[in-house]
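This report looks at a protein–DNA surface and at one helix pair. The sequence and structure follow.

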Amino acid sequence: MSAPPLTWTPWAPLPGAPSYTAIGLREQLDGGQAFRWYPESDDTTWIGQWSHHLARLRLRPTPTVGAALRRDNPASPPPLPLEYSLPASFAETTLPALRHYLAIDDDRHDRIDAALPLATDPHLATCHALHPHLRILRQPFGETLLAFLCSATKQIPQIKQMLALLATRLGTPLDFSVSAFQNFSVSENALPTWPQLAAVSEADLRACQLGFRARYIKGTAEVLAAAPAWLEETAALPYAAAKMRLLTLPGVGEKIADCVLLFGLGHHEAFPVDTWMLKAMARRYGLEGWSPTQVAHFGRVHYGPTAGLAQQHLFAWERTQGGR
DNA sequence: GTTCCACCTCT
DNA sequence: GAGGTGGAA
């Protein structure tokens, strides 16, 4: 009855996936959208989880000769194709799930990317040039809600730590043996579902280093437990109506609602505004003194259906280049 | 309608 | 003080 040993499929190209630089792949997987991807030995190979899935991604390894040829321009290595490796016994279902998660062959992403107002918005064009292939992930709704309830006044490494603890202590084991994992930060468990969260005490949640967020997660779990179709019904609503429902949950304000709407429900008109974005829009767009709500409104009006992707580009640039 | 502060835990 | 929210002033 013990889980089978895990064997990985051989590394293979991921058809339809964009090419990334190491920096770009890090921004894509660990830049504030998702919190369950970990680099392996270097920053070109990552292992990550979502739902009951586990996957590895890497940049196609460069031959040594290639590295030598790039010696003249080491600061900007060329983008490399993405490769994947999956648990062999689940590859048949995980591969399509991975493609969906990464929005590969998603013409909606391609249309939105093409519709970004790069010609009339020079700063956005600068940001976009830094990560031309950055895309909005398509993450499971319930997990996205949990992740961003953890995110209040926390940095990415701390959010990842909370989610890893939640999975390890409260989640359901995956069908893999523990020894399969090469990175200790990767939990052998899925994240706890909302029914599972409703069944544990606030004290158990606090033991996952959630702090005051434990009360919000417990409260949200109770709301969802009292209305079993809550997530499903919310997922069926358009942006504004889904947002109103999310805002009724304890611990969900406008920023977290917009993150969940964008990363978990694919509502690209969402424009999450945190302190980084407040700073970015004040400095780059002259919005000094504007409130977060006002900046969010500006973003939705200015960028329309491309607001979510534009926000991710502006956000990435501000965090990594913003000192200039 | 806006502003201020407590809320956990760690850097 | 931190990638926020809720309640009070």
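## Helices at the DNA surface

In this predicted model, three helices each give at least two residues to the surface near DNA strand C: α13 (254-263), α14 (275-285) and α16 (307-321). The largest share, three residues, comes from α13.

## Residues around the strand

There are 21 residues around DNA strand C. Those that come nearest are Thr153, Gln155, Ile156, Gly251 and Gly253. By class, the residues of this surface divide into 10 nonpolar, six polar and five charged.

On the DNA side, sugar or phosphate accounts for 55% of the strand C atoms within 4 Å of the protein. Bases supply the rest.

## Polar contacts with DNA strand C

Bases and phosphate both take part. A polar backbone atom of Gly32 lies 3.3 Å from a base nitrogen. The side chain of Arg319 places an N or O atom 3.5 Å from a base oxygen. At Glu254, a polar backbone atom is 3.5 Å from a phosphate oxygen.

## Packing of α15 on α16

Two packed helices are described by the angle and the distance between their axes. For α15 (residues 292-303) and α16, the axes come within 9 Å. They cross at roughly 115°. The crossing is right-handed.

Which residues meet? From α15 come Gly299, Arg300 and Tyr303. From α16 come Ala307, Ala310 and Leu314. The residues of this contact divide into four nonpolar, one polar and one charged. Helix α16 thus appears in two settings: it supplies residues to the surface near DNA strand C, and it meets α15.

Definitions and conventions. Residues numbered from 1 in each chain as written. Chains lettered and ligands numbered in written order. Predicted model: local features only at pLDDT ≥ 70, side-chain atom pairs only at ≥ 80, totals over all residues. Heavy atoms only, no water. Near = heavy atom within 4 Å. Polar contact = N/O pair within 3.5 Å; in protein donor to acceptor, adjacent residues only side chain to side chain. Helix = DSSP H or I, 4+ residues; strand = E, 2+ residues; numbered from the N terminus. Nonpolar A, V, L, I, M, F, W, Y, C, P; charged D, E, K, R; others polar. Axes fitted to C-alpha atoms, helices over the stretch in contact; angles between N-to-C directions. Left-handed = near helix turned anticlockwise from the far one by under 90°. Contact = heavy atoms within 4.5 Å.
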